[in-house]
Amino acid sequence: SGKLVERSENEDDMAERLADAFAGVRQAIYDRRITPEGVAHEIRDFTPERQLAKCYENHRQIQRRRYGTGTRPVVPSQAGKGLISRT
């Protein structure tokens, strides 16, 4: 729904490019070439659930690269054993 604006080394030129892009998007909205329905359709795959799942998977991959696969044996919890009297 937006525009990609090529970067410029010149600050004034960059400001002009951005202003032109904003004006173009504004005009496209007024002309109904950009609509709420169209934007919703374009971003339908960018749900919070999907984005968080990607983020968490990236973190898991980093974790595996740094520390391995985590296949150490799991020791059952000792929580609660011996704390309850059986009188």
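User: What is the relative accessible area of arginine 60?
Analyst: This is a predicted model, so the value is computed from predicted coordinates. Arginine 60 is partly exposed. Values from 20% to 50% fall in that class. For arginine 60 the relative accessible area is 41%.

User: With which side chain does arginine 60 meet in a salt bridge?
Analyst: The partner lies in helix H3, as does arginine 60. The two residues are three apart, about one turn of the helix. N and O come to 2.9 Å. The partner of arginine 60 is glutamate 57.

User: How far apart are the closest N and O atoms of glutamate 57 and arginine 64?
Analyst: Glutamate 57 is partly exposed, at 26% relative accessible area. Arginine 64 is partly exposed too, at 38%. The two form a salt bridge. Their closest N and O atoms are apart by 2.8 Å.

User: Which residues do salt bridges that share partners join into one network?
Analyst: Glutamate 57 bridges to arginine 64. Glutamate 57 also meets arginine 60 in a salt bridge. Shared partners therefore give one network, with the members Glu57, Arg60 and Arg64.

User: What distance separates the end C-alpha atoms of helix H3?
Analyst: H3 covers residues 48–67, which is 20 residues. At 1.5 Å a residue, that predicts a span in agreement with the model. The end C-alpha atoms are apart by 28 Å.

User: Which residue follows H3, and what is its phi?
Analyst: The residue after H3 has a positive phi. The residue is glycine 68, with phi near 90 degrees.

User: How many salt bridges does the count come to?
Analyst: One of them joins aspartate 13 and arginine 17. Others include the pair glutamate 57 and arginine 64. The cut-off is a side-chain nitrogen of Lys or Arg within 4 Å of a carboxyl oxygen of Asp or Glu. The count comes to five.

User: How far apart, N to O, do the side chains of aspartate 13 and arginine 17 meet?
Analyst: Both residues lie in helix H1, four apart, about one turn of the helix. Aspartate 13 is partly exposed at 28%. Arginine 17 counts as partly exposed at 30%. Their salt bridge has an N to O distance of 2.8 Å.

User: With which side chain does the side chain of serine 8 make a polar contact?
Analyst: Serine 8 sits in the segment before H1. Beyond four places in sequence, serine 8 touches Asp13, Met14 and Arg17. A side-chain polar atom of serine 8 also lies 3.2 Å from the backbone nitrogen of asparagine 10. The side-chain polar contact, at 2.7 Å, is with aspartate 13.

User: Which residue caps the N-terminal end of H1?
Analyst: The cap uses a side-chain oxygen. That oxygen lies 2.9 Å from the backbone nitrogen of aspartate 12. The capping residue is asparagine 10.

User: Why do the buried residues of H1 lie on the same side?
Analyst: The buried residues of H1 are Met14, Ala21 and Ala28. They share one side because of the narrow range they cover around the axis, an arc of only 55 degrees.

User: Which exposed residues does the face of H1 turned away from its buried side carry?
Analyst: H1 has 20 residues and reaches 29 Å between its first and last C-alpha, close to the 28 Å expected. Its buried side holds Met14, Ala21 and Ala28. The face turned away carries Asp12, Phe22, Arg26 and Tyr30.

User: What is the phi of arginine 32?
Analyst: Most residues other than glycine have a negative phi. Arginine 32 is not a glycine, yet has a positive phi. This residue is found in the loop between H1 and H2 and is exposed at 56%. The phi of arginine 32 is about 65 degrees.

User: Is threonine 35 buried or exposed?
Analyst: Threonine 35 lies in the loop between H1 (11–30) and H2 (36–42). A polar atom of its side chain is 2.9 Å from the backbone nitrogen of glycine 38. The relative accessible area is 18%, and the limit is under 20%, so threonine 35 is buried.

User: In which helix is confidence highest?
Analyst: The protein averages a pLDDT of 85, and 78% of the residues score at least 70. Confidence is lowest in H2, at a mean of 93. The highest, at 95, is in H1.

How values were computed:
Residues are numbered from 1 along each chain as its sequence is written. This is a predicted model: local features need pLDDT of at least 70, side-chain atom pairs count only at pLDDT 80 or more; totals for chains, interfaces and linings use all residues. Side-chain values use heavy atoms; hydrogens and water are left out. Buried means under 20% relative accessible area, exposed over 50%, partly exposed in between (1.4 Å probe, protein chains only). A polar contact is a pair of N or O atoms within 3.5 Å; within protein, one must be able to donate a hydrogen and the other to accept it, and residues adjacent in sequence count only if both atoms are side-chain atoms. The expected span of a helix is 1.5 Å times one less than its number of residues. The arc is that of the directions from the helix axis to the C-beta atoms. Contact means heavy atoms within 4.5 Å. pLDDT is the predictor's confidence in each residue, from 0 to 100.
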